[in-house]
Amino acid sequence: MSIGVVGLGVMGQRMLARLAGHARLRVTRVWDENPAVLAQALAHYPLLRAATSAEALIQEPGLHGLYIATPPGPHIALTEQAFDAGLAVLCEKPLTTDFAAAHACIERIERERQRAAVNYSLASSTGLAQLQLAFGAGSRRPMGALHGVSIDLRFSAWPRPWQAGAGAWLSQRAEGGFSREVLSHFIFVLQRVLGPARVVRSTVDYPADGVGSEQAVEAELVAGGVPVAISARLEGDRADDNRMLWHASEGEIELRDWFGVTQQRQGERVQSMGDAETLRMNGMTDQLSHWSAMLDGHSHSLPGFAEALAVQKTIEAVLAGKA
Ligand SMILES: NC(=O)c1ccc[n+]([C@@H]2O[C@H](COP(=O)([O-])OP(=O)(O)OC[C@H]3O[C@@H](n4cnc5c(N)ncnc54)[C@H](O)[C@@H]3O)[C@@H](O)[C@H]2O)c1
């Protein structure tokens with residue numbers, strides 16, 4: 001399967017590395033509007049060929065799919081062009097900066113049965129699978145009744161060091177910030193298991209310059225009748241940390257450090273589902289299999305555009321604040 005990639009910044013390069021040597025998915029064409037970024041990718045992967053524009057890449061004969069790793073602004077327009085050319089799309093999150101355009105795109109996907117998914121990587125994680133078994137639709141409730149969910153995120157700096165080379169957009173209020181970048185992954189998990197969340201209360205601290213992204217978020221949501229507490233902030237003197245705790249009458253499940261999962265039944269010892277790095281590698285392999293299935297038009301577990309838009313609506317409602 002031949003894949004074109006548009007956007008070769010931090011995430012685009014990560015995906016190139018992930019796909020290198022994959023048995024089925026092969027990146028053949030790439031494009032980035034920044035010539036230096038494009039040249040760097042070509043130097044690193046000499047077998048890649050550059051397009052002359054995003055439009056030219058999408059029109060390239062023999063391509064099966066497009067992976068979009070630009071900042072959110074161009075996501076929907078590039079997706080629509082890809083559909084026009086008969087390509088399947090894997091798009092980065094957040095889905096869009098334009099809800100009306102995203103709604104029209106989702107209608108098209110449903111009407112024309114277009115193949116499209118969004119890269120919320122926890123979709124292919126052991127943690128999500130455990131949570132669905134414990135609390136999802138059809139669960140036999142082995143952990144008892146769910147009492148509450150808490151999400152705690154701490155960042156020593158924003159952007160994080162590995163994303164320091166990303167564009168200015170990442171630390172700006174309009175498109176970036178840790179809520180859209182990180183909290184959204186956990187809201188995706190929350191809504192996949194419990195359905196749509198509603199913001200009850202939200203307090204957001206922004207820097208005084210009017211441009212920079214949020215520095216702290218404290219919020220209460222409700223999803224599936226269950227209270228959800230969110231606390232996320234920059235704390236310069238602490239190492240980065242992320243945890244999502246699901247607290248039930250007969251036990252707890254915790255997601256930690258992205259792909260790490262522990263669970264504990266009352267009176268028993270904490271049980272780990274494996275080390276976070278191994279679970280991450282398994283999740284990534286699984287994700288590529290689902291992407292491949294999506295390209296074939298088969299069923300898969302990747303989030304669709306409607307699910308990703310629902311996540312983004314919750315995130316934007318949190319960022320809007322509510323007394
Ligand atoms: N799924 C995840 O875990 C995850 C992690 C990090 C970032 N992301 C998402 O990936 C996307 C990219 O993030 P990033 O950190 O790589 O940003 P980045 O700023 O490092 O890279 C974006 C690249 O896109 C290029 N670009 C911008 N507009 C373009 C256009 N119209 N055509 C072609 N190229 C264009 C820029 O020149 C830049 O090189 C964002 O939506 C971000 O939220 C997802």
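Q: Helices (H or I, at least four residues) and strands (E, at least two) are DSSP runs, numbered from the N terminus; where does Pro159 sit in that scheme?
A: Pro159 is in the loop between β7 (146–155) and α7. A cis peptide bond joins Trp158 to Pro159, with omega about 0 degrees.

Q: What should I know about the model before trusting any of this?
A: It's a predicted model, where local features need pLDDT of at least 70, side-chain atom pairs count only at pLDDT 80 or more, and totals for chains, interfaces and linings use all residues. Residues are numbered from 1 along each chain as its sequence is written, and side-chain values use heavy atoms, with hydrogens and water left out.

Q: Which other proline follows a cis bond, the one after Lys93?
A: That's Pro94, with omega of about -15 degrees for the Lys93–Pro94 bond. Pro94 belongs to the loop between β5 (88–91) and α5 (99–112).

Q: What makes the backbone of Arg141 worth a look?
A: Its phi is near 55 degrees, a positive value in a residue other than glycine. Most residues other than glycine have a negative phi, and most peptide bonds are trans. Arg141 lies in the loop between α6 (126–135) and β7.

Q: How do you know which residues surround the ligand, and how many are there?
A: A residue counts as near if one of its heavy atoms lies within 4 Å. There are 27 around the ligand, and the closest are Met11, Asp32, Lys93, Gly167 and Glu181.

Q: What makes the ligand's pairing with Glu92 a polar contact?
A: The cut-off for a pair of N or O atoms is 3.5 Å. A ligand nitrogen is 3.0 Å from an N or O atom in the Glu92 side chain, so that pair falls within the limit. Backbone N or O atoms also meet ligand oxygens: Val10 at 3.0 Å and Thr70 at 3.3 Å.

Q: How much of the ligand does the protein cover?
A: By Shrake-Rupley with a 1.4 Å probe, the protein covers 89% of the 850 Å² of accessible area that the ligand has on its own. The elements giving two or more residues to the shell are α1 (10–19) and α7 (178–194).

Q: What makes up that shell by residue class?
A: It has 13 nonpolar, nine polar and five charged residues. Asp, Glu, Lys and Arg count as charged, so Asp32, Lys93 and Glu181, among the closest residues, are in that class.

Note on methods
A polar contact is a pair of N or O atoms within 3.5 Å; within protein, one must be able to donate a hydrogen and the other to accept it, and residues adjacent in sequence count only if both atoms are side-chain atoms.
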